Amino acid sequence: MSGRSPAGPAADPALDIWRTLPIAQQPTWSEHPHYAKSVSELGSRPPLVFAGEVDVLRERLAEAAQGRAFLLQGGDCAETFDGATADKISARVKTILQMAVVLTYGASMPVIKMGRMAGQFAKPRSSNDETRDGVTLPAFRGDIVNGYEFTPESRAHDPRRMVEAYNTSSATLNLIRAFTQGGFADLRSVHSWNAGFMANPAHTAYEQLAGEIDRAVRFMDACGADFEALKRTEFFASHEALLLDYERALTRTDSRTELPYDTSGHFLWIGERTRQLDGAHVDFLSRVRNPIGVKLGPTTSPEDALALIDKLDPNREPGRLTFITRMGAKNIREKLPNLVEKVTASGAQVLWVTDPMHGNTVTSENGYKTRKFDDVMDEVRGFFEVHDSLGTYPGGLHVEMTGDDVAECLGGADPIRQEQFDDLYESVCDPRLNHKQSLEMAFLVSGALAK
Ligand code: PEP
Ligand code: MN
């Protein structure tokens, strides 16, 4: 970053207006003996990301909003403290890099790589409580709020977890930066990213593509091309800005611009359950300079979307606002066209991204929260069809995925069956695409983009 951020949270009183507004989905911990200390400790820690990087991302997203780049955003539904191991983080980063290579090569278009990583610890819940065998306890709201274990101690809301979330995010980001800047992401290593993954149609297709890239790279090498640009890759961190105590404490004034940046991540989004126009989340995020996303479900009216644009992007700044639609495969072809049409007619240039996961959640016969790979794919196809028919640009893909060989979503070319859930279901929240399913999806989207 050019410019230093002064220590401590930004002082602007407007950044606290959210405290006077209705706020959904927050922990009940303001009376906790460690609340004030945890918030002030967070406020004195260094920023996780730098304002200059956030500005670069806004420029990249502006390119995508104008049809010249594509956003790939992926990661866990909920990161966990225990899950922040080198193996799991590297597998996830590797998978995102592989998906990005497939997309870049297929579509001949820059791909903006972004993790739901290094901060995705807070979860909204449809119910405050969970009952098991007649015992009722507070619902699990993510490791930043309480523990997954079903005991009264673990489920109590504890603000000290915010500091642990910060520390875990910091370690995660450090590893991501090392991987993507330290040679691991060198495009000449495309083959090695596949190592350790089993034979599968998606992997075979990937190996073929990696071979083509190798030949292209050797050809350029023979021509004396400069490979500096292939050695490193940009990788951005994002999460749902759900816990405003955490987001506010990490908001700093950038000394270059004198403007507030939420330094907990490069890109922050507002969830489907907290996008109320007069609510705290929309107000707070309207006041920070980061690029902002909003999840839009099937009940979103065009008026809602236009009002969100007025609030979050009053200056119609390209790259500032991303709409992440999560309509469900059954709804997308019916609900999306009207939204896109009205937003486009208003002159706003938002980036349209599909989240084909959250509108397609079902419960398997054996009681697991799951998604059918075919439904997920169908929503992606619907997203491309709608944008094709309107002449607008389908600018990105937002998925819950992991680099591990889990069994959480049903189907795929090497089909996952519900009988595998007992052994291989790991998510503490929503089901994720496993490594093969993620690659398979990248090939599908790459085909649609290349058209
Ligand atoms: C999520 O992204 O994990 C999530 C809860 O999504 P949504 O806000 O779209 O329901
Ligand atoms: Mn989720």
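**Strand β9 and its neighbours in the barrel**

Strand β9 (residues 292-296) and strand β10 (residues 321-325) run parallel and share 5 bridges; strands count as paired if DSSP finds at least two bridges between them. Helices (H or I, at least four residues) and strands (E, at least two) are simply DSSP runs, numbered from the N terminus. The model is a predicted one, so to read it properly: local features need pLDDT of at least 70, side-chain atom pairs count only at pLDDT 80 or more, and totals for chains, interfaces and linings use all residues. Residues are numbered from 1 along each chain as its sequence is written, while chains are lettered from A and ligands numbered from 1 in the order in which they are written.

Within the β9-β10 pair, Gly293 has Thr322 as its bridge partner, and Lys295 sits opposite Ile324. Over to strand β8 (residues 267-270), β9 is again parallel, this time through 3 bridges, with Ile270 facing Val294. Getting from β8 to β9, the chain passes through helix α9 (residues 280-286) in a right-handed β-α-β crossover, that is, clockwise from the first strand over the helix to the second with the strands pointing away from the viewer. Helix α10 (residues 302-312) links up with β9 and β10 in a right-handed β-α-β unit too.

As for cover, 5 of the 5 residues of β9 are buried (20 or more other C-beta atoms within 10 Å of a residue's own, C-beta atoms being placed from the backbone). Ile292, Val294 and Leu296 point one way, Gly293 and Lys295 the other.

Zooming out, 8 strands close into a parallel barrel, ordered β1-β2-β5-β8-β9-β10-β11-β14.

Key:
A residue is buried if 20 or more other C-beta atoms lie within 10 Å of its own, exposed if 12 or fewer, and partly exposed in between; C-beta atoms are placed from the backbone.
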